[in-house]
Amino acid sequence: MVAPAHQIGALPWRRSGGRVEVLLVTSRETRRWVIPKGWPMTGLSDPEAAATEAWEEAGVKGLIGPVPIGGFTYDKRMKDGSDRACRVKVYPLEVTVHRDEWPEAEQRDRRWMSLKEASEAVQEGELSRLLLGFDPA
């Protein structure tokens, strides 16, 4: 059995009306709700790469946490049509900048959701549990 590939992800969050909200984006291919995520980037730490993915996929910038808050495994559809198991380390990103134009704006939708809404919108059980348990304190 092949070990899962390593990926990094950002969980963009903010406080709104006294509650925590998170920003989810749609995947390009299947249009399912996900967090911004991708492959590690040469020259960047994992948290820096996660922050870069948040900008490219969701149009947000902010304060990235240096330590992952958890992770989840999912099957990524590769260009050749095969599936590859990926393990995503998730870093919290407190959003301070939210742009109307961003690199992948034409390819993705995004939506702020409560933790409960987000946990019900994602398809990965581990990510759903991570969202339900998220507490930025």
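# Close-up views of a predicted model

**Figure 1. Strand S2 is largely enclosed by the rest of the structure, because seven of its eight residues (residues 19-26) are buried.** The model shown in this and the following views is predicted. S2 is antiparallel to strand S1 (residues 5-16), and four bridges join the two. Within this pairing, Val22 of S2 stands opposite Trp13. S2 also runs antiparallel to strand S8 (residues 110-114), to which five bridges join it. Here Leu24 has Arg111 of S8 as its bridge partner. A further antiparallel pairing, over two bridges, links S2 with strand S3 (residues 33-34). In that pairing Val25 is matched with Val34 of S3 as its bridge partner.

**Figure 2. Residues with positive phi occur in the hairpins of S1 with S2 and of S2 with S3.** Two residues lie between the strands in the hairpin of S1 and S2, where Gly17 takes a positive phi near 60 degrees. The hairpin of S2 and S3 has six residues between its strands. Arg31 belongs to this loop between S2 and S3. The phi of Arg31 is near 65 degrees, a positive value in a residue other than glycine. With a relative accessible area of 36%, Arg31 is partly exposed.

**Figure 3. Strand S7 (residues 83-98) pairs with S1 in the parallel sense and with S5 and S6 in the antiparallel sense.** Nine bridges connect S1 and S7. Among the residues involved, Gln7 has Val88 of S7 as its bridge partner. Strand S5 (residues 60-64) is joined to S7 by five bridges, and Ile64 has Leu93 of S7 as its bridge partner. Between S6 and S7 there are eight bridges; in this pairing the bridge partner of Gly70 is Val90 in S7. The hairpin of S6 and S7 has five residues between the strands, and Gly81 there takes a positive phi near 95 degrees. In a regular strand, side chains alternate between the two faces of the sheet.

**Figure 4. Ala85 of strand S7 is in contact with residues distant in sequence, including Pro4 and Tyr74.** Which residues does Ala85 contact, leaving aside its neighbours within four places in sequence? They are Pro4, Ala5, Tyr74 and Asp75. Ala85 is partly exposed, its relative accessible area being 27%. The C-alpha atoms of Ala85 and Val2 are 8.4 Å apart in space, although the two residues are 83 apart in sequence.

**Figure 5. The largest pocket has a volume of about 640 Å³.** Its lining comprises 21 residues, of which Arg28, Glu29, Tyr74, Lys76 and Arg77 are the closest to the centre of the pocket. Strand S4 (37-38), helix H1 (46-58) and strand S6 (70-77) each contribute at least two residues to the lining of the largest pocket. S6 gives the most, with four residues. By class, 13 residues of the lining are charged, four are polar and four are nonpolar.

**Figure 6. Glu104 is placed in the loop between S7 and S8.** Is Glu104 buried or exposed? Its relative accessibility of 11% lies under the 20% limit, so Glu104 counts as buried. Apart from neighbours within four places in sequence, the residues in contact with Glu104 are Arg28, Glu56 and Glu57. Arg28 is also one of the residues closest to the centre of the largest pocket.

**Figure 7. Helix H3 (residues 125-133) has four buried residues, namely Leu127, Ser128, Leu130 and Leu131.** These residues cover an arc of only 160 degrees around the axis, and therefore lie on the same side of H3. An α-helix has 3.6 residues a turn, so residues three or four places apart point the same way. Arg129, Leu132 and Gly133 are exposed on the other side of H3. The buried residues of H3 pack against strands S1, S2, S6 and S7 and against helix H2 (115-121). S2, one of these packing partners, is the largely enclosed strand of the opening view.

Note on methods. Residues numbered from 1 in each chain as written. Predicted model: local features only at pLDDT ≥ 70, side-chain atom pairs only at ≥ 80, totals over all residues. Heavy atoms only, no water. Buried < 20%, exposed > 50% of the residue type's maximum accessible area, 1.4 Å probe, protein only. Pairing = 2+ DSSP bridges. Contact = heavy atoms within 4.5 Å. 1 Å grid on protein atoms, 1.4 Å probe; cavity = no way out; pocket = protein on both sides within 12 Å on 5 of 7 lines; lining within 4 Å. Points joined across faces, edges and corners; volume = space filled by probe spheres on them. Nonpolar A, V, L, I, M, F, W, Y, C, P; charged D, E, K, R; others polar. Arc of directions from axis to C-beta.
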